[in-house]
Amino acid sequence: MMEHRHQSIPTCATSHPNDPIPHEPGETPLLNVTSQLRRKFGSMSDARSSGASSPPSTDVSTDSSAPSTPLTEPQEMDELTDRVEKLRPSSPERSRKRKPSTTYATNSEEIRKLLGSGQGTNMLQKYCCGDGCCMAEALPAPEGQPERIFLQPPDNDAFRFLGLKMGSLTLTSELTNITELPEQRVTFGPLRRQSLAEKFPDEAQHGHKQDDVNVYPPTYMKPHPPYRIFNAPVYGARELTKPGAEKRTFHFDLDVTEYPAEGGVDFKVGGAVGICPPNDPNVVEDIMDQLGIPRFQRDKPVRLHTTGGRWPTIWGEEEAREMVTTRREVLTWTLDISSVPPTKPLLRLLADYAEAPNEKQVLLFMCSAQGQAAFCDLRTGPHITLQQLLHAFPSSKPPLEALCTMLNQLMPRFYSLSNDPHVSSAREGLSGRRLIELAVTIHETPAYTGTHRTGVGSGFLERLASKFVHAEQQAEQHAATSGISNPHPGQAGRNLHLQVPMFRGLMSNPLSREFASDGPMVLIGAGVGMAPFRGFILNRLKNANCANKIWLIQGIRDAMLDEIYCGELGAHESEIKKVVQSRASAPPPVGEHEDGVESAGGSEEEEGKPARVVPESRKEGKVARYVQDEVRQQADIVWFVINAVDGRVFVCGSTKGMGEGVESALIDVAMDKGGLDAETARQFWEGKKEAGQYIAETW
């Protein structure tokens, strides 16, 4: 457990250190529903209710009783301008002496001496990758010759992108402890069409043509037997972020009207659905080209045999299987060809089938003790996919059956609902349709081609959203040319019949399980982590009474580009939401000729005076702040909610950075508000987590 570095909470109107008594914010109005909203929500039907929503209250309070997060930005003082004017752009900076560095080890042998075989290596743990680089065996240079690369590396961009450090590797270098190949567990066999209907009746109705395979998952993929994956029609899609945003986020409306009943479990607020995305068809086609699979074999049904395990099902039984499939179907739906870093068994397989001597030696080198450091760099460096490895080592063309043993199962991706399903299903014009809503941020990493590759799940959903949005834009342009407005928004996209393979997934995940329709709540989310809180707030608006209080702290990069669901949280959005921007503006100007300087002489009083510096941060109001900073700033509200009998604090977002930072800020709040030490404060929040009052859903 890492030592907590305490950061004191500020002293301001919304944060009072050393005051352990939880105080309800006195000037904070309560959440209420206006008469207009009550008429809107009161007319909604609660068919197939999840049981998580309480009946609407009959109490109606005034419009002025909406909860608000008190302003926390410090007021700017005129004296700041005078201080900036005194800054001299040419003032020299005092040079500081460089602190001498300390070298603990220069090679793997010295590191092993430091590690030893006992305890006392805590100092090195935070610097260790855990993959055994320090146990690598050195590759000696030829006797009497300087260390240099004697092996000619493959000459292609895909290999250069790997950035391998091979030292003095030669074609004759002795390599030890080379990884053994595991036993092959998958084979393909011929199939007679006559036996297809007899032995595999389910497959007789399943199409194996390329167009069918790219849309419909195979019948043997069962997330929770005996139920199958449901192809939900895309009812709507739109982009939530603006052009220029660092990460694009899309919103989806999925039609689940025909979703089969499963044991009485329904879609719930805060629940998550599993999406079963196919691999990119273009990537699948390119991999089959690299493997040399003839085109007439790619869509030809074959008999698939496995000796054990769950593959190619998702969560099936551990057993041997015999089923019908095609090579394209296997690569499209069952193998993870993009998400998982390469393993030594995979590299060893490529080495066994590499015909070029230099490619074979490089691959064997990464599977050996001498190449352990290079292998660790490969796994922890830029993202590497199977497609890139096949392009980096083009002479290696292993059979697809052998690859099936080495690659991981392509698993579902889970996305939290961004709505209350019963509120969405009551929207006007749905005619009894049932919708669930999702928000998906596109994950991108650099590719060897100089572009970016998207994640499997987010990339699949982005391709669907792009088709839907493009069809809608064309319909809008056609309507504008005709001088009329689009009479049926969304119909052009729905005419494409786009579908998302999904299953109900986790309706009892922490967010859904601990959500309650009453009691105060603090909702803390960054980026797309804010999406499930939209469902919380819509549910509260539907069932609100004067005792309900919500405070939302939303972290984004830039409010002009990245703020999702802006204006979609009800009539009191501005009062219940606090937006924190992490993108800072440029530093203020300190010279007369820099941007942000107003010229003097604008009036007779100012004539003859020096130019006045106006910092950009004052003009734009942008200061780099993060969610955890606002948590400390709102310490009084956090302390009040977590100590209320029915209060809850929800956190949703990325574990790295946001999740860790918010957890640290919450510990600081408990330390300063409750007078606790770091360990006791940590135990305080652990106790609240066990009691269901502190819920963190991070990834």
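Strand S12 (residues 521-526) runs parallel to strand S13 (residues 550-556), and 6 bridges join the two; strands here are DSSP runs of E with at least two residues, helices are runs of H or I with at least four, both numbered from the N terminus, and two strands pair if DSSP finds at least two bridges between them. The model is a predicted one, in which local features need pLDDT of at least 70 and side-chain atom pairs count only at pLDDT 80 or more, while totals for chains, interfaces and linings use all residues. Residues are numbered from 1 along each chain as its sequence is written, and side-chain values use heavy atoms, with hydrogens and water left out.

Within this pair, Gly525 stands opposite Gln554 in S13. The wider open sheet has 5 strands with parallel pairing, in the order S14-S13-S12-S17-S18, and its edge strands, S14 (577-581) and S18 (694-698), each pair on one side only.

Helix H26 (residues 655-674) packs on the sheet, where it touches S12, S17 (648-653) and S18, contact meaning heavy atoms within 4.5 Å. The direction of H26 makes about 155° with that of S17; axes are lines fitted to C-alpha atoms, for helices over the stretch in contact, and angles run from 0 to 180 degrees between N-to-C directions.

H26 also packs against helix H27 (residues 678-690), at an angle of about 115° and with the axes 9 Å apart. That angle makes H26 roughly perpendicular to H27, because angles of 65 to 115 degrees are counted in this way. On the H26 side the contact involves Leu666, Ile667, Ala670 and Met671, and on the H27 side Ala678, Ala681, Arg682, Phe684 and Trp685.

Definitions and conventions. Angles under 35 degrees count as roughly parallel, over 145 as roughly antiparallel, 65 to 115 as roughly perpendicular and the rest as oblique.
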